[in-house]
Amino acid sequence: MLWKTRLLLTVLLVSLPNIVAAVEPIKIGLVGPYTGGSSPMGLSMRNGVRLAAMEVNRHGGVLGRTLVLVERDDQARGGVEHLEQVGGWESTGSWG
């Protein structure tokens with residue numbers, strides 16, 4: 001009987017990393033002009049995306065995974081370097 005308990009515990013411990021990996025959040029890069037001359041448009045965009053992410057997360061996320069926004073302010077100067085930086089965070093997608 002003891003060997004069955006040990007076997008069950010071993011199987012559970014070996015499976016644990018797979019279970020933990022399945023619940024990692026989905027990171028989405030969001031680059032926009034939150035300061036500078038175009039900030040009204042950028043803030044509206046950011047607020048809309050935040051609202052959408054909150055709604056998705058409130059309903060259980062995407063296949064059980066929550067959405068996490070990785071936000072970067074490009075100060076209305078173009079966001080190529082910011083997109084590259086967000087991509088370096090292993091984001092799943094990006095808006096901006």
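The following legends describe close-up views of a predicted model, centred on helix α2 and its salt bridges.

**View 1. Helix α2 along its length.** Helix α2 comprises residues 39-58. At 1.5 Å a residue, its 20 residues should span 28 Å, and the end C-alpha atoms are indeed 28 Å apart, so the expected and computed values agree. The helix is followed by G60, a residue with a positive phi near 100°.

**View 2. The buried and exposed sides of helix α2.** The buried residues of this helix are S39, G42, R46, V49 and A53. These residues lie on the same side of α2, because they cover an arc of only 100° around the axis. An α-helix has 3.6 residues a turn, so residues three or four places apart point the same way. The face turned away from the buried side carries the exposed residues P40, M41, S44, L51, M54 and R58.

**View 3. The salt bridge between R46 and E71.** The side chains of R46 and E71 form a salt bridge with an N to O distance of 3.9 Å. This pair links distant parts of the chain, since R46 belongs to helix α2 whereas E71 belongs to strand β2 (residues 67-73), 25 residues apart. R46 is buried, with a relative accessible area of 17%; the value falls under the 20% cut-off for a buried residue. E71 has a relative accessible area of 22% and is therefore classed as partly exposed.

**View 4. The salt bridge between R50 and E71.** A salt bridge also joins R50 to E71, with the closest N and O atoms 2.9 Å apart. Because R50 lies in helix α2 and E71 in strand β2, the pair ties together parts that are 21 residues apart in sequence. R50 is partly exposed, its relative accessible area being 34%.

**View 5. The network around E71.** R46, R50 and E71 are linked in a network of salt bridges. Within this network, E71 is paired with R46 at 3.9 Å and with R50 at 2.9 Å. Of the two arginines, R46 is buried, whereas R50 is partly exposed.

**View 6. The salt bridge between R58 and E55.** R58 forms a salt bridge with E55, and the closest N and O atoms are 3.2 Å apart. Both residues lie in helix α2, three residues apart, which is about one turn of the helix. R58 is exposed, with a relative accessible area of 60%, while E55 is partly exposed at 34%. The model contains three salt bridges in total.

Note on methods:
Residues are numbered from 1 along each chain as its sequence is written. This is a predicted model: local features need pLDDT of at least 70, side-chain atom pairs count only at pLDDT 80 or more; totals for chains, interfaces and linings use all residues. Side-chain values use heavy atoms; hydrogens and water are left out. A salt bridge is a side-chain nitrogen of Lys or Arg within 4 Å of a carboxyl oxygen of Asp or Glu. Helices (H or I, at least four residues) and strands (E, at least two) are DSSP runs, numbered from the N terminus. Buried means under 20% relative accessible area, exposed over 50%, partly exposed in between (1.4 Å probe, protein chains only). The expected span of a helix is 1.5 Å times one less than its number of residues. The arc is that of the directions from the helix axis to the C-beta atoms.
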